[in-house]
Structures are given as structure tokens and as C-alpha cells.
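The structure shown below is best read part by part, with the sequence kept alongside. The paragraphs after it are meant to guide that reading.

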Amino acid sequence: MINYIPRRFTVVRDRELCIDCGCCVRQCSNECHYFSDDGKTALVKSDHCVACHRCVDLCPTGALRIEKYICDYRDNANWTPAYQQEICRQAATGGTLLSAMGTPKPYPIYWDKILLNASQVTNPSIDPLREPMEIRTILGRKPEKLTVAQKGKSTTEMPPQVVLETPIMFSAMSFGSISLNAQKSLAMAAKNLGTLFNTGEGGLHPDLKEYTDCAVVQVASGRFGVHKDYLKNSRFVEIKIGQGAKPGIGGHLPGEKVNVEVSNARMIPEGSDAISPAPHHDIYSIEDLRQLIWSIKQATDNKKPVCVKIAAVHNVAAIASGCARAGADIIAIDGFRGGTGAAPTRIRDNVGIPIELALATADQRLRDEGIRSSVSLVAAGSFRCSADIVKAIALGADACYCASAPLIAMGCHMCQTCNTGKCNWGIATQRPELTKRLNPDMMHERVENLIHAWNHEIKEIMGGMGINSIDSLRGNRLMLRGLGLSEKELEILGIKHAGE
Amino acid sequence: MQTDTEVITYLFDHLIRHHGLPVNVAADVLTAPEWDEIDRMDKEKKEYFTNLRAIYNGALVNGPFSVILGSNKGLLAINDRLKLRSLTAATKGDRAYFASEESAIRIICPEPEKVWSVSGADPVFVPLEIYEKEDDG
Ligand code: SF4
Ligand code: SF4
Ligand code: SF4
């Protein structure tokens, strides 16, 4: 066949173990498993398997295994099978390639080339089990200086501040791109952890009303679901200018995913495509951004900090500085490895820069301009473990946005097919038979466990450095050393090489 | 900057001279109490320390230190929050003494009236009499 694209995986069923219970047949939304005509024997057709492991996990006898299917091509370092297959696909459809989750390409991950410091002798390390370790983080615009009547009495007019009990927040994932159950699990976890979840640009579902105190609500280019109460029912408001996985690109939620619930939350007709334009059509300059920031502040009686989220692009430092000057209280920078529910593959895999470099330059630029201490900086774009978070804070972040990690805690296996809407784990789907697989009452606990574990690890690492408050870690690049990085990379990261 | 002493000196200069904070408020910035403690304070103090820690989060000093800062206003003694270094204060009449060990104080003042260990989150400030007089006038 001219359009032949080898399948990715083979589902292997151990016939000796299989009891033909039919569980896998019911579980796979990609319809890989089916029964023989007599209804007695479970069979498999692997073509559409995405390696989400749902069937493997739920098979009561452990009879299933997923293998990579290998159909060799003649070796070619340039014309790899992946490029040939993508061409094949486009030749058949004439369409743009779509992908989900962060880029899988082997770009450098600077977190893995940065090492942390620990104390020995002169500055003793601190035992986090015996001494208090503070990771409370306060976001929001800070006045230039404190004014006091006397010691113990502040006369400072503080702009609205957001107090977090961990430097980790959950990044924007809209109801629409993920299920209500998934969003609810994050909301519950955020509430119990003393942190925030982010509604994305999908509006706020009425079921989440009780979590408004820990909600970041987004105002994106489509302005879906935005009204006065939406803005007021939040901890802070985030203007989404860009997303790390698809800088310069808008969003497109296909009509099939816009059921009654999604249509209500987004305030759009049922079944209609929800298209977020690439730019905000009222923002063509920093001055325009300033106007939107001020209108949001007015609509919320100046009670909510306003965050501007930008994608990490080449001149991110100058853009961040512009956002700060336009009145943003918090600036979120999303690196190019950040996740997405759906993005054009070519954009996801080729546009933007890594968060490590973007964060380091933006922090430095704000410092050079003397405005770093007045705004908060939030980093996003793939934090895989607590050490990544510690490194980001030492590079200058106040807090980090995480999305993929809590999703993995809820069952996601990074099958990278969120865009198909058939997520077998009930996360990136709106199909009722799939979303009901995700029970928020159980899943919020797993997310909380994860963040508790990370909090402990962050405290342990800080203790090792002899630091007992995260305030002293922030921007403390002396705690970082590069390994195998070029002079230029070290210069941009503002860190020394290991051994120096 | 090469030494901790330089850093701490610059911090005080920044807070007192540039930001116009009283010396005992500047001391609070460097040795701010822990959040656990702040959460238990009365409203006014809680607001004071929360604002102070939010605005000057980067000026909190971590690690072991005991510092005595002299100026034409008086003597300030601060100790790190975990008391990793020791710092002892004593008074006798209108004199104040600071040293890392009590025995050191007793060599020059054998019978002090009051001796205490300076607590991490409670800076000690001894104003100069002459300055007080100026203030009164
Ligand atoms: S779930 Fe396991 S035991 Fe049941 S039919 Fe499938 S492979 Fe066989
Ligand atoms: S897609 Fe998932 S559930 Fe279906 S066969 Fe593959 S691993 Fe199993
Ligand atoms: S959310 Fe679901 S569809 Fe998306 S990568 Fe994870 S398991 Fe796959």
C-alpha cells in the first residue's frame, strides 16, 4: 500500500494467563481488543494501540504486555522513518500534523546538566526533620520598600498578595482539554496543599465554585467564559499571551468536545468549535497589554493580582520586562518543552527556547533593571521532579507551574494522544464512559502525595545547602554548577562550571 | 563582595540609609521570625512581619552568624535564626556587653546584673545615651 505506516506497538497477550474475562475489551477506547465471533476468546488488533497501558494495568491475570513494533527501514540518519511516515500521512490528508504533550525530541535538558550544592563544615547542613524548613511562597507585586510607624507596626499599603504553602502550582489545563473530574482532582489537591490550580481558558465549571479561593482563572485570546464573576471568583487572573508548546499559535477545541457542560463553562454554543485566535485582537503592543491589565484590575476592585503568561521565545527577557512595566504583578514564562492538549507538531517541536535559559535571562534582565523584587516570576515547561524545581528557584523563579507530573500521578502514561479525545485514563477526554474512570475523591490524594513528597525533597535539598527558607534559595545561582556546558551556556545561565 | 561581613554591612546600609528603616526594623529583616511563629502573632505584628518578609524576602540571612553593628545611634546585636553561632549579652548599670561566650564577658565585667543568650529572632539594640538625649530634646 502506498500509504503504509507501520504500527507503533504490538499488544502481546499470554494465552496461558488470559482467562478471557473481557476486561481489556471494555477498557480500550482504541478498540484494540475484541472478542471472537463466538464471544469466547479475547483477540487483539494492535494497529491503534497507543501504549497507554490501561489494559495492561487492569488485566486481572497480568496476561498483557505492550511491545514496540519494529519494521526496519534502510538506515538513514537524514530520512528517518518518522519523517517518512509524517510525509506519508500528509500526502494522504493534506493536513497539518497534530501532537499532544511536550516535545519528545532529544533537545538538551539543562536541568540534567546542572548540579546542586551542599554544605560541609563552615555552613552546617540543617536536618529538615529537626529544624523548621520554610517553603512558603508569596506571589504578587511588592512595594519598593516597607514603611513603618515603628518596629512591629507596618504602614505599608500592600497590593494583593497570594500566599502559597509550596512553590509548586498546577498549570493551566482547561475543562474541555481535560475532563471535569481531572480538573476537580487538581482543585481539591490545590485546596488541601495550600496552592493553586489553573482553569486554563475554559471558564470555570459551576461544580468548582467551592474551589475559587485556589483557582487561577485565565483570560486568553478567545475570552471564553470571561465575565465579571469569573474574574472575581479567583485567587489571581492570568492573561494568557502564549503557551510554551505552541508559541504564536492559538487554540482549537473541536466541536465534538464541546458538549453541554463545556459549552456552558465557555459560554459558546454546543457543538461549535472553540477557536482561540493566535493574538489577542485587542493587544498589539505593551500599551494595549497595560490597558487589559488595568481593566481586569478595575473589574476586580484591585483585589486580584494579574499575571501575564508568555511563551519562552528568543527575546523573552525584553518581553518579560515589558510585561512588568505594563503592570503585570506576576509573570509566568512557559518553556518550549511544556505540555499541551494539542498543538501543531512542527510548532511544538521547533518553536521557542528551553525554560532554563529563558528563566535565567528574564530574571537577570529584571534584576539589571532593578524591578525583579517588585514582580513575581513563575516558571513552567516541564518539571519532572523536585530537583528540577529547586534548580528553577535557584535560577530565579518564585514558583513553578506543573501539569504533566500531576497528570501522571492521576494515571497518565504519556501516550501523547490527548488530541484524539480518547484518553483511557479519563483525563484528556469528555466521553462520559471514560471520564467516570477518574474518581476525584481518590485522585486528589495521589496528587497531594506527589506534591507532599516533592515538598519533603525540596526541604531536604535546602537543608543540605544549609538554607532554611526558600527565600534564600531564590535566585541563589551560587548553589548551581554546570556540567558539560559551553562558556556561552554558562554565561546565559549565570552559573559556574562544576569544579570552579 | 567577598565576605559575609561585607554582604551584611551592605544590607544594613541599603535598609537603613536607602530605605530609611529604623535600625531595629532592619534587624528584623535580616533575622525575621519563622512563619509558624508569625502565624501565631496578633494581627498587627503578623501584618508587620508578613509585609516585611514579603518585601525583603531576598534580604533574609541564612546560615550561621552573630553580628554586632555599631553606629552613632547605638549597638545592635543579631544572631542567626537557628542559633548556629552563639551570642551572649549582658548589662551592668548603663553598660552593655556582647560576646560569643559568657566567660569572655565575665573577664571584663565579673558581676554583670543581667546575662542572657541573644535569641535568633529577637535582635538586641542598645541605644547610646547621648543619642537618646538628642531625641528627647
Ligand atoms: S483482561 Fe487479561 S485476562 Fe481478561 S481478557 Fe484481557 S488479557 Fe485476558
Ligand atoms: S491503547 Fe492502551 S488500552 Fe488499548 S491496547 Fe494499547 S495499551 Fe491497551
Ligand atoms: S492525558 Fe491521557 S491521552 Fe494524554 S498523554 Fe496522558 S494518558 Fe495519554
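What follows is an account of a predicted model, moving from the domains of chain A to its interior, its ligand surroundings and then chain B.

The domain assignment divides chain A into domain 1, residues 9-95, and domain 2, residues 137-497. Taken over C-alpha atoms, the centres of domain 1 of chain A and domain 2 of chain A are separated by 35 Å. Contact between them involves nine residues of domain 1 of chain A and seven residues of domain 2 of chain A. On the side of domain 1 of chain A that touches domain 2 of chain A, four residues are nonpolar, four are polar and one is charged.

Within the residue range of domain 2, strand β14 of chain A, residues 236-240, offers a useful starting point. This strand is mostly covered, with five of its five residues buried. A:F236, A:E238 and A:K240 point one way from β14(A), whereas A:V237 and A:I239 point the other way. Both sets are buried, the charged residues A:E238 and A:K240 included. Strands of a sheet pair through backbone hydrogen bonds, in either a parallel or an antiparallel sense. For β14(A), one partner is strand β13 of chain A, residues 215-219, joined in the parallel sense over four bridges; here A:V216 stands opposite A:F236. Another partner is β17(A), again parallel and again over four bridges. In that pairing A:I239 stands opposite A:V308.

Strand β17 of chain A also leads to a neighbouring topic, helix α8 of chain A, since β17 (306-311) is among the elements that cover the buried residues of α8(A). The cover also includes α7 (286-299), β18 (330-334) and α10 (355-368) of chain A. Is this helix largely enclosed or not, and why? Helix α8 of chain A, residues 316-325, is largely enclosed by the rest of the structure because seven of its ten residues are buried. The buried residues are A:V316, A:A317, A:I319, A:A320, A:S321, A:C323 and A:A324. An α-helix has 3.6 residues a turn, so residues three or four places apart point the same way. Just after α8(A), A:G327 takes a positive phi of about 110°.

The surroundings of two ligands can be set side by side. Around ligand 1 there are 14 residues, of which A:C18, A:C21, A:C23, A:C24 and A:C59 come nearest. The shell around ligand 1 comprises ten nonpolar, two polar and two charged residues. Ligand 3 has 15 residues around it, and A:C412, A:C415, A:C418, A:C423 and A:I427 come nearest. The shell around ligand 3 contains twelve nonpolar and three polar residues, with no charged residue.

Chain B meets chain A through 27 residues of chain B in contact with 28 residues of chain A. On the chain B side, the elements giving two or more residues are α2 (23-30), α3 (35-39) and α4 (43-55) of chain B. Of these, α4(B) gives the most, with eight residues. By class, this side of chain B has 13 nonpolar, seven polar and seven charged residues.

Chain B also holds an open sheet of three strands in the order β4-β3-β5, with antiparallel pairing. Its edge strands, β4 (95-99) and β5 (114-117) of chain B, each pair on one side only. From one strand to the next, the twist averages 15°. Strand β3 of chain B, residues 88-92, is joined to β5(B) by four bridges, and B:A89 has B:W116 as its bridge partner in β5(B).

Definitions and conventions: Residues are numbered from 1 along each chain as its sequence is written. Chains are lettered from A and ligands numbered from 1 in the order in which they are written. This is a predicted model: local features need pLDDT of at least 70, side-chain atom pairs count only at pLDDT 80 or more; totals for chains, interfaces and linings use all residues. A residue is buried if 20 or more other C-beta atoms lie within 10 Å of its own, exposed if 12 or fewer, and partly exposed in between; C-beta atoms are placed from the backbone. Two residues are in contact if their C-beta atoms, placed from the backbone, lie within 7 Å. A residue is near a molecule or strand if its C-beta atom, placed from the backbone, lies within 6 Å of it. Domain bounds come from an automatic or database domain assignment. Two strands pair if DSSP finds at least two bridges between them. Axes are lines fitted to C-alpha atoms, for helices over the stretch in contact, and angles run from 0 to 180 degrees between N-to-C directions.
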